[in-house]
Amino acid sequence: MAETIIIRVQSPEGVKRITATKRETVATFLKKVAKEFGFRNNGFSVYTNRNRTGEITAAQNKSLNLLKIKHGDMLFLYPSSPAGSSSETMDTSVSQSLRPVGAPQVVEDEIDQYLIKQDGKIYRNRDQQLCRHGPLGKCVHCVPLEPFDEDYLNHLEPPVKHMSFHAYIRKLTGGADKGKFVALENISCKIKSGCEGHPPWPEGICTKCQPSAITLNRQKYRHVDNIMFENHTIADRFLDFWRKTGNQHLGYLYGRYTEHKDIPLGIRAEVAAIYEPPQIGTQNSLEILEDPKAEVVDEIAAKLGLRKVGWIFTDLVSEDTRKGTVRYSRNKDTYYLSAEECITAGNFQNQQPNICRLSPDGHFGSKFVTVVATGGPDNQVHFEGYQVSNQCMALVRDECLLPCRDAPELGYAKESSSEQYVPDVFYKDIDKFGNEITQLARPLPVEYLIIDITTTFPKDPVYTFSISQNPFPIENRDVLGETQDFHSLATYLSQNTSSIFLDIISDFHLLLFLVTNEVMPLRDSISLLLEAVRTKNEELAQTWKKSEQWATIEQLCSTVGVQLSGLQEYGAMGGPTHAAAAAMWACQHCTFMNQPGTDHCEMCSLPRS
């Protein structure tokens with residue numbers, strides 16, 4: 001019998017061993033390979049070298065021995081490329097074709113698609129003292145650095161503790177295989193279903209279905225590297241609630257993700273507006289209520305080119321009302337985020353996953369950020385940004401993490417019960433002798449779960465929405481006596497003296513009111529106006545202003561007893577609004593809009609008052 005040999009074949013799916021003989025022909029061997037990997041005969045190519053040289057084809061009609069393929073050799077299998085594509089045209093960055101086998105086709109965020117195409121390298125000028133080569137040469141002192149270079153990041157001012165997520169991807173995919181076998185696996189703390197060798201939990205469990213134990217590590221990368229409010233007015237209006245009531249408050253951040261150029265391949269979350277959902281706040285607590293308008297708000301924000309990028313809440317206690325100072329309560333001696341806040345942030349991040357082509361699940365981590373308005377070392381209000389790690393997201397998603405009642409800085413990994421199996425969770429610590437020890441996460445310092453993010457304001461303010469001295473009221477502030485209704489709309493319009501209609505209407509809270517009010521909702525007819533605001537196009541705004549919907553809005557405003565001087569130049573059909581107000585009048589009893597020249601209401605017959 002011919003001597004049996006085993007040949008290893010590496011593919012994007014992994015390595016498989018093919019049994020053959022030395023005298024076996026290439027055609028017979030390739031049929032075995034196709035059967036083992038589930039390919040058709042012409043659906044792949046096999047090479048002797050990783051760089052796709054030395055292709056083995058059935059047309060050679062030679063034995064493996066003649067091709068000098070020996071026992072234990074490694075061959076490399078690559079699936080056939082689609083028509084029109086060429087491996088030579090691939091750049092050094094991770095391309096879409098390097099998606100792990102079995103991962104779903106996904107469309108990543110625009111900022112991710114942009115950063116994938118960037119070089120990302122850190123270019124340095126020639127060092128006049130250390131470089132001894134010509135002007136076209138490079139040495140260790142001036143060669144470009146990779147975006148994940150830790151020494152470079154540590155010497156930035158201020159130092160960067162976490163590399164960007166795309167720099168982390170470059171680190172994973174920087175080898176010779178260009179990330180062909182990289183897959184970002186999401187952690188699971190649940191028992192795998194479908195194991196038939198034993199009764200289900202709690203009667204039985206095995207190593208195949210049992211989730212692995214988790215050792216918590218401080219995450220080396222972050223999905224967002226900077227949070228920037230477009231201007232101070234956005235934050236000041238949010239803080240006004242606490243200033244007027246003393247109660248804590250919460251809001252959702254709407255904005256966009258852009259490139260953060262201070263960090264290689266970094267991402268910035270730019271905040272353009274804050275939406276305040278229904279909630280109950282006290283001096284020491286916050287409760288988020290169900291929001292029936294949540295879906296509409298996301299829809300309107302999307303048409304404005306915005307998305308929900310994070311959430312913000314206050315933790316402020318006044319220290320000296322005369323000086324306007326606040327207590328400095330969150331620091332290294334207490335905590336930065338409590339366990340309960342980490343769990344809430346983990347919930348939000350799980351609801352807003354980061355679309356990722358390198359994950360078999362199609363998503364990995366999240367770009368959703370957390371901002372805390374709290375007292376700083378100078379006893380002034382500071383905005384601190386955070387995210388929780390992917391490990392924390394997994395623990396929260398699978399309901400394995402609890403807060404400690406008496407210690408906000410500590411969490412607690414649940415213990416297994418008859419209803420739920422919970423894997424062991426560990427973290428590493430330093431004992432009093434300086435030795436590294438492994439501790440069971442009962443309890444757990446939540447500092448292992450937190451990633452801090454710099455929060456800033458620009459030197460030159462940016463305004464997605466116009467700023468008015470008398471802005472339109474913010475939603476869900478009835479406790480302050482600030483309500484969104486047509487009286488407040490008429491007051492806002494009458495006080496706004498701008499001659500540009502787009503400036504008047506470009507208010508995030510005003511646009512939400514126009515869409516969500518119960519009297520005259522404009523959800524189906526406001527797309528043109530939203531496009532005008534998004535593109536800052538006054539002509540589009542003027543076109544929408546001439547619509548019947550705006551004419552009706554003006555008529556509703558004219559019935560609330562406010563002098564509409566600001567509306568007179570914004571008549572829907574080009575004429576002054578007071579003419580329309582004089583033409584139609586609203587009954588004070590049933591609010592029916594009556595035709596001009598009548599003294600009694602056509603609906604209830606009561607006299608005009």
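Let me start with Thr516, which at 16% relative accessibility counts as buried, since the cut-off for that word is under 20% relative accessible area. I should say straight away that we are looking at a predicted model, so please hear everything that follows as a description of that model. Thr516 is found in helix α11, which covers residues 508-516. A polar atom of the Thr516 side chain lies 2.6 Å from the backbone oxygen of Leu512. If we set aside residues up to four places away in sequence, Thr516 touches Lys293 and Val296.

Staying with α11, let me turn to its packing with another helix. Helix α9, residues 486-495, packs with α11 at an angle of about 140 degrees, and the two axes are 12 Å apart. That angle makes α9 oblique to α11, because the roughly antiparallel class takes angles over 145. On the α9 side the contact is made by Phe486, Leu489 and Tyr492, and on the α11 side by Leu510, Phe513 and Leu514. As for handedness, α9 passes α11 in a left-handed crossing.

A second helix pair can be set beside that one. Helix α12, residues 527-535, and helix α13, residues 538-545, pack with their axes 8 Å apart and at an angle of about 160 degrees, and they are therefore roughly antiparallel to each other. Their crossing, too, is left-handed. If you would like to find this contact on the screen, look for Leu528, Leu529, Glu531, Ala532 and Thr535 in α12, which meet Leu540, Ala541, Thr543 and Trp544 in α13.

Now to the strands. There is an open sheet of three strands, in the order β7-β23-β24, and its pairing is mixed. Which strands stand at the edges, each with a single partner strand? They are β7, residues 214-216, and β24, residues 436-440, so one side of each is left without a neighbour in the sheet. From one strand to the next, the twist averages 35 degrees. Within this sheet, β7 pairs with β23, residues 425-430, in the parallel sense and over three bridges; to give one position, Ile214 has Val425 as its bridge partner in β23. A helix also comes in here, since α8, residues 390-397, lies across β7 and β23 and runs at about 135 degrees to β7.

Another strand worth following is β26, residues 450-456, which pairs with strand β9, residues 226-229, in the parallel sense over three bridges. There, the bridge partner of Ile227 is Thr455. What is the sense of the pairing between β20 and β26, and how many bridges join them? Strand β20, residues 381-388, runs antiparallel to β26, and four bridges join the two, with Gln387 having Ile451 as its bridge partner in β26.

Let me finish in helix α2, residues 110-116, where Ile116 lies. Is Ile116 buried or exposed? At 14% relative accessibility, Ile116 counts as buried. Ile116 and Arg170 are 54 residues apart in sequence, while from C-alpha to C-alpha they are 9.3 Å apart in space.

Note on methods
Residues numbered from 1 in each chain as written. Predicted model: local features only at pLDDT ≥ 70, side-chain atom pairs only at ≥ 80, totals over all residues. Heavy atoms only, no water. Pairing = 2+ DSSP bridges. Axes fitted to C-alpha atoms, helices over the stretch in contact; angles between N-to-C directions. Contact = heavy atoms within 4.5 Å. Buried < 20%, exposed > 50% of the residue type's maximum accessible area, 1.4 Å probe, protein only. Polar contact = N/O pair within 3.5 Å; in protein donor to acceptor, adjacent residues only side chain to side chain. Parallel < 35°, antiparallel > 145°, perpendicular 65-115°, else oblique. Left-handed = near helix turned anticlockwise from the far one by under 90°.
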